[in-house]
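This briefing is written to be read alongside the sequence and coordinates. Please keep both at hand while going through the points below.

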Amino acid sequence: MSVHDDLTSVRRCLDELTRSVRRLEQQLGGSGLEIRRVRTDADHLRESIALLSEAAASLAKPRRPDLVPIPDTPYDSSLWTDSDDEGLGSRDRRAP
């Protein structure tokens, strides 16, 4: 099964759970703490599945990395003022 199929199956089961909770709420009354907790938990599950669906959709789309243009012109030599050459030390000193 694909991720989309699994998420659809979970949504169907969650719909059935919600219907069952409503029936219980009608039979037992909606004022009890226990039934409110179950209803709230089912709502949280629905929100979590929605977030998971969004995450799965974003993973399915391959993202191209942002391209950074590199100019063909030479770099400004002032960028390298007071820099060390890697492995050679400072400009005005001898290499070890």
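The points that follow are grouped by topic, from the overall fold to individual side chains.

The model is predicted. The protein chain contains two helices and zero strands. Of its 96 residues, 9% are buried, and four salt bridges are found in a search of the whole structure.

**Overall architecture**

- Helix α1 covers residues 3–28, and helix α2 covers residues 33–60.
- With 28 residues, α2 reaches 40 Å from its first C-alpha to its last, which is close to the 40 Å expected at 1.5 Å a residue.
- Among the contacts in the protein chain with a separation of 6 or more, 47% are between residues 24 or more positions apart.
- The accessible surface of the protein chain amounts to about 8,800 Å². Carbon and sulfur atoms account for 56% of that surface.

**Buried positions of the two helices**

- The buried residues of α2 are Ile35, Ala42, Ile49 and Ser53. The cover over these buried residues includes α1.
- Ser53, located in helix α2, has a relative accessible area of 16% and is therefore classed as buried, the cut-off being under 20%.
- Leaving aside residues up to four places away in sequence, Ser53 touches Leu7 and Arg11. With Arg11 there is also a polar contact between the two side chains, at 2.6 Å.
- Glu25 belongs to helix α1. Its relative accessible area is 19%, so Glu25 also falls under the 20% limit and counts as buried.
- Beyond residues up to four places away in sequence, Glu25 touches Gly30, Ile35 and Arg39. One of these, Ile35, is itself listed among the buried residues of α2.

**Salt bridge between the helices**

- Side chains of opposite charge can pair when their charged atoms come close.
- Asp15 and Arg46 form a salt bridge through their side chains, with an N to O distance of 3.1 Å. This pair links distant parts of the chain, since Asp15 lies in helix α1 and Arg46 in helix α2, 31 residues apart.
- Both partners are partly exposed: the relative accessible area is 30% for Asp15 and 33% for Arg46.

**Salt-bridge network within α1**

- Glu16, Arg19 and Arg23 are linked in a network of salt bridges.
- How far apart are the N and O atoms in the salt bridge of Arg19 and Glu16? The distance is 3.0 Å, between the side chains of the two residues.
- Arg19 and Glu16 are separated by about one helical turn because they stand three residues apart in helix α1.
- Glu16 also forms a salt bridge with Arg23, where the closest N and O atoms are 3.7 Å apart.
- Each member of the network is partly exposed: Glu16 has a relative accessibility of 38%, Arg19 has 38%, and Arg23 has 42%.

**The segment after α2**

- Which residues make the nonpolar surface patch of about 510 Å²? The patch is made by Ile70, Tyr75, Leu79 and Trp80.
- Tyr75, a member of that patch, is found in the segment after α2.
- Is Tyr75 buried or exposed? At 55% relative accessibility, Tyr75 lies over the 50% cut-off and therefore counts as exposed.
- Ser78 is also located in the segment after α2. Its relative accessibility of 44% places Ser78 in the partly exposed class, because that value lies between the 20% and 50% limits.
- The side chains of Ser78 and Asp76 are joined by a polar contact of 2.6 Å.

**Points to retain**

- Ser53 of α2 is buried and pairs its side chain with that of Arg11 in a polar contact.
- The salt bridge of Asp15 and Arg46 connects α1 with α2, whereas Arg19 and Glu16 pair within α1.
- In the segment after α2, Tyr75 is exposed and takes part in the nonpolar patch, while Ser78 is partly exposed.

Notes. Residues are numbered from 1 along each chain as its sequence is written. This is a predicted model: local features need pLDDT of at least 70, side-chain atom pairs count only at pLDDT 80 or more; totals for chains, interfaces and linings use all residues. Side-chain values use heavy atoms; hydrogens and water are left out. Patches are made of residues with over 30% relative accessible area and no salt bridge: like charges are joined within 9 Å, nonpolar side chains (Val, Leu, Ile, Met, Phe, Trp, Tyr) within 5 Å. Accessible areas come from the Shrake-Rupley method with a 1.4 Å probe; for residues, only the protein chains shown count as cover. Helices (H or I, at least four residues) and strands (E, at least two) are DSSP runs, numbered from the N terminus. Buried means under 20% relative accessible area, exposed over 50%, partly exposed in between (1.4 Å probe, protein chains only). Contact means heavy atoms within 4.5 Å. The expected span of a helix is 1.5 Å times one less than its number of residues. A polar contact is a pair of N or O atoms within 3.5 Å; within protein, one must be able to donate a hydrogen and the other to accept it, and residues adjacent in sequence count only if both atoms are side-chain atoms.
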